[in-house]
Amino acid sequence: MMTEDRLREIYGEVSPRAAVKVIDHLDHHCRAFIAASPFLVLATSDGERMDASPKGDPAGFVIVEDDHHLILPDRPGNNRIDGLLNLIRNPAVALIFMIPTVDETLRVNGRAEISEDEALRERCAINGRLPKTVLRIRVDEVFSHCGKAPLRGGLWKPETWPEERPVATLYEIVRDHGQVEVPSTEQSVIDELYAKTLY
């Protein structure tokens, strides 16, 4: 069985720079990164099950309320609300912010509360449409993460991208996983649905 001591034997001690890079507030570097980020992944857990949910909007969609708080809108989706249900039982969250072409990421750990406050929702309006709820996140830890993983994966290198979609369409996958009827398996139909329901 793996132990903490064995992991340290395998990996060694944390580097001095990595050991001191964690801060407990949003400084000007964090604010600039969040303002430029159009995409993040939000991780939650109810203590048993876990969820990692992608969130995206135009850059700056996450509002830095002050040095210790973020406002994250929750847009309409498929209404599974897995992450929100997790937060009812356990407010702990982890976020990883990404910026296209920037290999480094920004990681934030904290605690979130779900709010339907209209004033907060209005601050996150796009095209006059308000999110159904927002998360007000108390920041406990913030740190930058090196760009090795995106570099290894060629994430921002167009020459590594596939020329054609390498996997089935969403509706084809839903049809096969759920054994349900779908309106069409054509990507054009899904693209049209996205265009109508983004906000």
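Colleague: Is N127 buried or exposed?

Modeller: Keep in mind that this is a predicted model, where local features need pLDDT of at least 70, side-chain atom pairs count only at pLDDT 80 or more, and totals for chains, interfaces and linings use all residues. Residues are numbered from 1 along each chain as its sequence is written, and side-chain values use heavy atoms, with hydrogens and water left out. Buried means under 20% relative accessible area, exposed over 50%, and partly exposed in between, with a 1.4 Å probe and protein chains only. N127 has a relative accessible area of 71%, so N127 is exposed.

Colleague: Where is N127, the non-glycine with a positive phi of about 55°, placed?

Modeller: Helices (H or I, at least four residues) and strands (E, at least two) are DSSP runs, numbered from the N terminus. On that numbering, N127 is in the loop between α5 (118–123) and β7 (133–145).

Colleague: And Q179, what is its relative accessible area?

Modeller: Q179 isn't a glycine either, yet has a positive phi of about 55°. You'll find Q179 in the loop between α7 (170–178) and α8 (187–197). Q179 counts as exposed because its relative accessible area is 66%.

Colleague: Back to β7: which residue there is the bridge partner of R111?

Modeller: Two strands pair if DSSP finds at least two bridges between them. Strand β6 (residues 102–115) runs antiparallel to β7, with 11 bridges. In β7, R111 is partnered by R138.

Colleague: Which residue in β7 does H69 stand opposite?

Modeller: Strand β4 (residues 69–74) is antiparallel to β7 and joined to β7 by six bridges. Opposite H69, in β7, is R138.
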